[in-house]
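Colleague: Could you walk me through this model? I have some questions, and I'll jump around a bit.

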Protein chains: 2
Amino acid sequence: MTKRTRSRKGAPGIVEVAARAGVSPATVSRFFNDPDVVRPPTKKRIEQAAAELGYIRDRMASAMHNRFSGTIGLIVPTIDNAIFAEMVDAFSSQLLTHDRTMLIAAHGYDLQREVGIVRSLLERRIDGIALVGLDHDAVPLNMLAQRDVPVISIWNFSETSAIPCIGADNFEAGRLVTDHLIERGHSDICFIFAETETNDRARARKAGALHAVTSSGSSVPDHRIFTCPYNIGAAKELAAQILEADRPSAVVCGNDVISHGVLYACQKLKVDVPGALSIVGIGDFRGSADMEPGLTTVRLPARQIGALAADALVGMNETGFPPRPFHLKVELNFMARGSVANFRPRL
Amino acid sequence: MTKRTRSRKGAPGIVEVAARAGVSPATVSRFFNDPDVVRPPTKKRIEQAAAELGYIRDRMASAMHNRFSGTIGLIVPTIDNAIFAEMVDAFSSQLLTHDRTMLIAAHGYDLQREVGIVRSLLERRIDGIALVGLDHDAVPLNMLAQRDVPVISIWNFSETSAIPCIGADNFEAGRLVTDHLIERGHSDICFIFAETETNDRARARKAGALHAVTSSGSSVPDHRIFTCPYNIGAAKELAAQILEADRPSAVVCGNDVISHGVLYACQKLKVDVPGALSIVGIGDFRGSADMEPGLTTVRLPARQIGALAADALVGMNETGFPPRPFHLKVELNFMARGSVANFRPRL
DNA sequence: AATAAAAATGCAAACGTTTTCATTTTGGTT
DNA sequence: AACCAAAATGAAAACGTTTGCATTTTTATT
């Protein structure tokens, strides 16, 4: 075993501060938890002593008592991707606002890895955790419940989820973009979605999209449905194949990353968008508005979801958990841009 | 003051496990720190007891002793952007590999906010921290030094930096892409870089780029140098202005995000790339390879930087800090793709 | 089989805070 | 000036683990 004891060199503790300020450690502790509980002169002395010593509180020691660590966990499928970037950023910033910090990890769309990650975060005594999506293994959920750690599901909305959720109606999102295509006269539509087995967001979107066409009276042949990971290159390649075979008039993409790939494939093959092919995405990621043509998509208020989730989790801690489970649906915003052609004259 | 004591409901501690396994808490502790230090039968009993009770160690309590919390900090300018996504992901994954977790925060290119963040991470007793870039306020650096917390600067390389660094030679990157343009006969080149005041990476890149042209014997007029945030929309807008005025034959972009914006502006204004304008970027982000035309850029091994940084920080903990400061330069990879025209016949 | 050396285990005192309870101080009221 | 309630402070016992030291058990050696 390696000797792993870091020298305590220059790290003053609460007792050093207390000594220097001429008060008891208890008072210093109180001061840091609520400055107004000590009298102004005392306050001043403690402030000065702490500053002179360069004191930094040890939240781990304090977490041992009040059972709050001041860190909140966030588990996403991936960070290496535009999909959750805005949400993660907003979540983190909002947490900073509450004097909390974010512990984040990615499971790479592997729900099984999620259990190990949850365990690891629990060991760090997180005060709450946000999970992307509604599908989760029971094991981590139980571990969290057993310890009364607030959990919240984000990104996808469901009226009936067992745990609180803040998210968008992904079914609706899929329906929205597909309806847009149908309204504009498209009838030969192709669908590219992510694997739906372990991804409830993609599942809901796909269901919504297909529902839109069936409820318009038509149906979707199997050869118009494709699966593709959230990866520009893969999408571009797949789209190239689709374009060279029997070309549809429009394609619905499971998210904007796929749309980007499809658009690039069109540019490569000199297929005019929207003239020869219309494209819609879901998400409205960075860049979608600025591509040429601009991508018609539906905006998920990612920052809002992140901020709300942060607030909710902090709130559950402060007001005393649990609140009754809530289900918050955020607004979808359809963004009509240039990537869709209108085959049907305006009425 | 609100009452903030979470019920200890169902959270067994090391002593409960010990009792059930019929050993002392000390043995259980030892088992979790190094399973092979207890004899097989004992080991088995502890494992079973822990499993039955659903025990999860409390790293905060253990951090009070050995002074290691198992979390490592990472401060980036932004997460809401493609720039650092791959690096962050690799850093985090590599940390997981070492049974550590990542505490991440963004300062939004505001070095002053960095001090508050460092403090906040220090309160959480991080075992090490990675900072992007070489420019940092002295205050946080002192706080870290005083507590013997390993720091490492990532992304930018310097042979002489005071703190260890792992990064790319950004000057070289700027020079590389500009040289490529010059070699291909471009003489009227425009430069778009991020604000260099608080961003040493951008500063180095810009210096490298300008150096390339001066050392080729020409010079860069002021009206060919622009500043632009790392934002596709802003870059697109700026590029549109540039394209409509006195158009250069090529543009060097401070990073790929800017390149993307410039390319979209060209597509919007029907300016042929690379026919009428050549574009080079720096970074080789997601999507750069798949755009049409593919973006000529220089690949920074972001994942490698992230993984190396994680390894280094963990290593500093395990082998006993400090190692003598090291400076690790990662390879740049020039990616010639379609966005640059050749004005000069091949020799 | 006896013994010495080595390995495994237990005991109890830490680690740096918070918090309960008791005590002192303050400030307002007669 | 004396008194009382309220506010501020202090003393000491926690929190859940690790670890130095002492003790027991195992293993190797004779």
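Colleague: In which sense do S5(B) and strand S11 of chain B pair, and over how many bridges?

Modeller: Bearing in mind that this is a predicted model, S5(B) pairs with strand S11 (residues 327-329) of chain B in the parallel sense, over three bridges. Within that pairing, Ile166(B) has Leu328(B) in S11(B) as its bridge partner.

Colleague: And how does strand S4 of chain B pair with S5(B)?

Modeller: Strand S4 (residues 151-156) of chain B and S5(B) also run in the parallel sense, with four bridges between them. Asn156(B), for instance, has Ala168(B) in S5(B) as its bridge partner.

Colleague: Are the faces of strand S5 of chain B covered or open?

Modeller: Both faces of strand S5 (residues 165-168) are covered, since Cys165(B) and Gly167(B) on one side and Ile166(B) and Ala168(B) on the other are all buried. In a regular strand the side chains alternate between the two faces of the sheet.

Colleague: Back to strand S4 of chain B: what is the phi of Trp155(B)?

Modeller: Trp155(B), which lies in strand S4 of chain B, has a phi near 90°, a positive value in a residue other than glycine. Trp155(B) counts as buried because 27 other C-beta atoms lie within 10 Å.

Colleague: What about Asp99(B), where does that residue lie?

Modeller: Asp99(B) sits in the loop between H5 and S2 of chain B, and has a positive phi of about 65° although it is not a glycine. Unlike a buried residue, Asp99(B) is exposed, because it has 10 other C-beta atoms within 10 Å.

Colleague: Which residues does a cis peptide bond join in chain A?

Modeller: In chain A a cis peptide bond joins Glu292(A) and Pro293(A), with omega about -5°, and Pro293(A) lies in the loop between strand S9 (278-280) and strand S10 (297-299). In chain B a cis peptide bond joins Glu292(B) and Pro293(B), again with omega about -5°, and the place of Pro293(B) is the loop between strands S9 (278-280) and S10 (297-299) of that chain.

Colleague: Switching to the two copies, by what turn and shift can chain B be laid on chain A?

Modeller: A turn of 180° and a shift of 0.0 Å along the axis lay chain B on chain A with an RMSD of 0.1 Å. The two copies are thus related as by a two-fold rotation axis. The same surface serves both copies, in that 100% of the contact residues of chain B recur in chain A.

Colleague: How many residues does the contact take from each chain?

Modeller: The contact takes 66 residues from chain A and 66 residues from chain B. On the side of chain B that touches chain A, the elements supplying at least two residues each include helix H4 (59-66), strand S2 (101-106) and helix H11 (256-268), while the largest share, seven residues, comes from H5(B). By class, that side of chain B divides into 25 nonpolar, 18 polar and 23 charged residues.

Colleague: Now the DNA: which residues come closest to DNA strand C?

Modeller: DNA strand C is surrounded by 27 residues, of which the closest are Ile14(A), Ala26(A), Ser29(A), Val38(B) and Thr42(B). H2(A) gives the largest share of the surface near DNA strand C, six residues, and the residues of that surface divide into 12 nonpolar, 10 polar and five charged.

Colleague: And which come nearest around DNA strand D?

Modeller: Around DNA strand D there are 28 residues, and Val38(A), Gly13(B), Ile14(B), Ala26(B) and Ser29(B) come nearest. For the surface near DNA strand D the largest share, six residues, comes from H2(B), and its classes are 13 nonpolar, 10 polar and five charged.

Colleague: Last topic, chain A as a whole: what radius of gyration does it have against a compact globule of 347 residues?

Modeller: Chain A has a radius of gyration of 26 Å, whereas a compact globule of 347 residues would have one near 20 Å. The C-alpha atoms of chain A fill a box of roughly 80 × 50 × 35 Å along the principal axes. Chain A holds 12 helices and 12 strands, and 51% of its 347 residues count as buried.

Definitions and conventions
Residues are numbered from 1 along each chain as its sequence is written. Chains are lettered from A and ligands numbered from 1 in the order in which they are written. This is a predicted model: local features need pLDDT of at least 70, side-chain atom pairs count only at pLDDT 80 or more; totals for chains, interfaces and linings use all residues. Two residues are in contact if their C-beta atoms, placed from the backbone, lie within 7 Å. Ala, Val, Leu, Ile, Met, Phe, Trp, Tyr, Cys and Pro count as nonpolar, Asp, Glu, Lys and Arg as charged, and the others, Gly among them, as polar. A residue is near a molecule or strand if its C-beta atom, placed from the backbone, lies within 6 Å of it. Copies are superposed by least squares on the C-alpha atoms of residues with pLDDT of at least 70 in both. A residue is buried if 20 or more other C-beta atoms lie within 10 Å of its own, exposed if 12 or fewer, and partly exposed in between; C-beta atoms are placed from the backbone. Two strands pair if DSSP finds at least two bridges between them. The radius of gyration is taken over C-alpha atoms; the globule rule is 2.2 Å times the number of residues to the power 0.38.
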